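Let's take a walk through this one together, from the whole chain down to a few single residues. Have a look at it first, and then read on.

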Amino acid sequence: MPVPPNYVQSLVQYAEVRGTKGRQELLDFHESLFERIKAEEGSAVVNSSINGKALGFQVTMTVEEQFGAIGEAIRELDPTDPVSGRIVATYPDFCRLQR
């Protein structure tokens with residue numbers, strides 16, 4: 001399953017509402033996902049049966065997809081990032097209009 005369309009924006013809104021603490025939570029979560037990627041932990045066992053003969057996995061988003069989405073949210077929260085900083089307002093430019 002790919003990243004839901006509003007997931008990144010929801011992360012940004014969450015961090016903005018919670019302020020510094022919310023941004024730090026995203027940074028910590030991003031770090032923990034990176035550790036999971038390094039440890040090659042892409043999915044988790046959610047149920048098993050006796051002697052482990054039947055295992056169930058639930059994957060809603062891969063660790064890598066979630067890592068990328070949280071990275072986008074963190075980048076969007078940084079107004080000093082010249083490459084991917086969020087545009088908060090645009091203004092019309094009428095300088096080339098002629099009468």
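Of the 99 residues in the chain, buried ones make up 20%. Keep in mind that what you're looking at is a predicted model. The accessible surface of the chain adds up to about 7,800 Å², and carbon and sulfur atoms account for 54% of that.

So what is the chain built from? You'll find three helices and two strands. Start at the N terminus and follow along: the order of the elements is α-α-β-β-α. Contacts tell you something about how the chain comes together. Take those between residues at least 6 apart in sequence, and 61% of them join residues at least 24 apart.

Now let's zoom in on helix H2, which covers residues 20-38. How far apart should its ends be? With 19 residues at 1.5 Å a residue, H2 should span 27 Å, and because its end C-alpha atoms are indeed 27 Å apart, the expected span and the model agree. Next, which residues of H2 are tucked away? Gly22, Leu26 and Leu33 are buried. These three cover an arc of only 45° around the axis, so they sit on the same side of H2. Turn to the other side of H2 and you'll meet Thr20, Lys21 and Lys38, which are exposed.

What covers the buried residues of H2? The cover includes helix H1 (7-18) and helix H3 (63-77). Just past H2 comes Glu40, and its phi is positive, near 60°.

Helix H3 deserves a visit too, and two of its residues make good stops. One of them is Gln66, which has its place in helix H3. Is Gln66 buried or exposed? With a relative accessible area of 17%, Gln66 falls under the 20% cut-off, so it counts as buried. And what does Gln66 touch? Setting aside neighbours within four places in sequence, Gln66 is in contact with Tyr7, Phe29, Leu33 and Met61. You've met Leu33 before, as one of the buried residues of H2.

The other stop is Gly68, which also lies in helix H3. Gly68 has a relative accessible area of 31%, so it is partly exposed. Now find Leu33 once more: Gly68 and Leu33 are 35 residues apart along the chain, and 9.6 Å separates their C-alpha atoms.

Notes
Residues are numbered from 1 along each chain as its sequence is written. This is a predicted model: local features need pLDDT of at least 70, side-chain atom pairs count only at pLDDT 80 or more; totals for chains, interfaces and linings use all residues. Side-chain values use heavy atoms; hydrogens and water are left out. Helices (H or I, at least four residues) and strands (E, at least two) are DSSP runs, numbered from the N terminus. Buried means under 20% relative accessible area, exposed over 50%, partly exposed in between (1.4 Å probe, protein chains only). Contact means heavy atoms within 4.5 Å. Accessible areas come from the Shrake-Rupley method with a 1.4 Å probe; for residues, only the protein chains shown count as cover. The expected span of a helix is 1.5 Å times one less than its number of residues. The arc is that of the directions from the helix axis to the C-beta atoms.
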